[in-house]
Amino acid sequence: MSTINENLPAPNLAASSDGSSDPTTGGRVDSKIYHTEAVDNVSKKRLLIAVVAIGVVTGLATFLMKECIKWIGKLASIGLHSDGSNYLLLLLPVVGIFLAMVFQRYLLKEDLSHGTAMIKRDLQNGQYKLRSNLMYTNIIGCSVTIGFGGSAGAEGPSAYTGAAIASNFARWLHIDDRWLRLLIGIGAGAGIAGIFKSPVGGVLFTLEVLGLELSTLPVIALVAACLISSCTALAFGGFAFDLKFVDYISFDPSNFIWMTLLGVFCGIYSIYYDTSQQAAGRFFNGISNPWFRALMGGMVLSAAIFFFPSLFGEGYGIVDKIINCRPSELLSFSPFYTGMSTTGLLMLVTAGVLLLKGIAVAATINGGGVAGDFAPTLFAGCLAGYLFGLMMNTWFGFNLPVENFALLGMAGVMAGTIKAPLMAIFITAEMSNSYQFMFGFLLVAAVSYGIVFLWDRYRR
């Protein structure tokens, strides 16, 4: 497939006094020199207009993406029933991946997979003029993939959509080319902020995941764009968060020790999740024929979803049920449905979902779908926290608040797999509107990240 960008010649900036290279070529330059020269060559009024426009349009785009996913998902689920096996689930994910492949290869002749990795590639290679069709094609590809059951998230496509919106708005407003690199990072952060309704999470995505080094004015622009994008998505969505507690147990600091152990559990699971996803990704990438690869990815995904329908789509509905004390929804639409749930059966099904989640994500993305891999870690973290609490209560007779541990696990697994603990903490807190658990998020995420860090050092 053809590349999605056109090369932009690097601006002729002088090297810094220490001899380091220009940032547009992937190296580093003294940030004060770079940003001072950039500010001298850009109208602050046009920059303000661009930031506001990026925030509003990106927030609206993320809202539309979520609505399209919901609409397609409802349409595809018409023939499903909750009280037993659904053989239609063996077909829907295959259809979704093939439709996404046809859309990319024949209609666009573009590869839209791995949005976050592609943004990093563009920033590293100095390819800042993103094509205008990327402002909406990611929405279409992602909606088809996830709407038909792709077990992944919308954050990669939303970040790439935001980056494309920023790149094109900057050119339309004739903003100096030396701001293009920064605005792409700002737009990508706005995309994350809008899809998760998490302004701080969007800011930290740009700083932690993309690794952009920003001075004062670009940071202010980034914060503003993320805040505007998040508020726009929230407003169009009826001021409703993706996750909402109906009746939750207040945070209890006396569970400090168990939260620490949960962090260890999340760290160990993060290692397994990452290992299984990478192994499955290599398997699918090793299939040279794209249509056979799509077929294999679709078949693996369909089989997993048939036995564990909670793997269908992003999984926020299941997360919402678990943190609101309705875990029996894990059995709905599946061969394991019996009309009543037992603790043992819930533990087995939860463990099965956790074992297959990384593989299902790889089948979705590497099989040919258009999706991201942040939301799956939140889903897996919720189930990991739920399973941990359930095991402690069942096997050792404790009385831990399982729904709270499910929420805390979201930050733990995201921190361990994405390796961006600050982003994980704030995305979990903001998307669930649960800042009262901030200490727990911090503890579990830090311990999980520490376990993964030690494991990575041991492997080296």
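This report walks through a predicted model, from its overall make-up to its pockets and a few single residues.

## Overall make-up

The protein has 460 residues, and 58% of them are buried. Its secondary structure consists of 17 helices and two strands. Contacts reach far along the chain. Among those with a separation of 6 or more, 80% join residues 24 or more positions apart.

## Two pockets

The largest pocket holds about 1,100 Å³ of space. Its lining takes in 36 residues. Lys70, Phe312, Gly315, Tyr316 and Gly317 are the ones nearest the centre. Three elements give two or more residues to this lining: helix 2 (44-76), helix 5 (134-147) and helix 12 (316-323). Helix 2 provides the largest share, eight residues.

The second largest pocket has a volume of about 540 Å³. Here 25 residues form the lining, and Thr116, Gln277, Asp373, Phe374 and Ile418 lie nearest the centre. Helix 4 (115-125), helix 8 (199-209), helix 10 (256-285) and helix 15 (402-418) each give two or more residues to it. The largest share, six residues, comes from helix 10.

The table sets out the lining of each pocket by residue class.

| Pocket | Nonpolar | Polar | Charged |
|---|---|---|---|
| Largest pocket | 15 residues | eleven residues | ten residues |
| Second largest pocket | eight residues | eleven residues | six residues |

## Helix 10: a tyrosine pair and a glycine

Helix 10 also carries a pair of aromatic residues, Tyr269 and Tyr273. They sit four residues apart in the helix, so about one helical turn separates them. Both are buried.

A search of the whole structure finds 18 aromatic pairs. In the pair of Tyr269 and Tyr273, the ring centres are 6.1 Å apart and the planes meet at 55 degrees, so the pair is tilted. That label follows because an angle over 60 degrees would count as edge-to-face and one under 30 as stacked. Elsewhere, Tyr87, Phe306 and Phe307 form one aromatic cluster.

Gly267 lies in helix 10 too. Is this glycine, Gly267, buried or exposed? Gly267 counts as buried, because its relative accessibility is 0%, and buried means under 20%. Beyond its neighbours up to four places away in sequence, Gly267 touches Ser448, Ile451 and Val452. Trp455 is 188 residues from Gly267 along the chain, yet their C-alpha atoms are separated by 9.4 Å.

## Helix 14

Helix 14 covers residues 375-396. How far apart are the end C-alpha atoms of helix 14? They are 31 Å apart. At 1.5 Å a residue, its 22 residues should span 32 Å, so the two values agree.

Of those 22 residues, 19 are buried, so helix 14 is largely enclosed by the rest of the structure. Thr377 belongs to this helix. Its relative accessible area is 1%, so Thr377 is buried. Leaving out residues up to four places away in sequence, Thr377 touches Tyr273, Met410, Val413, Met414, Thr417 and Ile418. Two of these names have come up before. Tyr273 is a member of the tilted pair, and Ile418 is among the residues nearest the centre of the second largest pocket.

Just after helix 14 comes Gly397, with a positive phi of about 75 degrees.

## Residues in loops

Lys109 has a positive phi of about 55 degrees, although it is not a glycine. Its place is the loop between helix 3 (92-108) and helix 4. Lys109 is exposed, with a relative accessible area of 51%.

Lys419 is not a glycine either, and its positive phi is about 60 degrees. This lysine, Lys419, sits in the loop between helix 15 and helix 16 (421-431). At 36% relative accessibility, Lys419 counts as partly exposed.

Ser332 is found in the loop between helix 12 and helix 13 (343-365). Its relative accessible area is 10%, so Ser332 is buried. Neighbours within four places in sequence aside, Ser332 is in contact with Ser82, Pro309 and Tyr337.

Notes: Residues numbered from 1 in each chain as written. Predicted model: local features only at pLDDT ≥ 70, side-chain atom pairs only at ≥ 80, totals over all residues. Heavy atoms only, no water. 1 Å grid on protein atoms, 1.4 Å probe; cavity = no way out; pocket = protein on both sides within 12 Å on 5 of 7 lines; lining within 4 Å. Points joined across faces, edges and corners; volume = space filled by probe spheres on them. Nonpolar A, V, L, I, M, F, W, Y, C, P; charged D, E, K, R; others polar. Buried < 20%, exposed > 50% of the residue type's maximum accessible area, 1.4 Å probe, protein only. Contact = heavy atoms within 4.5 Å. Expected span 1.5 Å × (residues − 1). Phe/Tyr/Trp six-rings, centres within 6.5 Å; stacked < 30°, edge-to-face > 60°.
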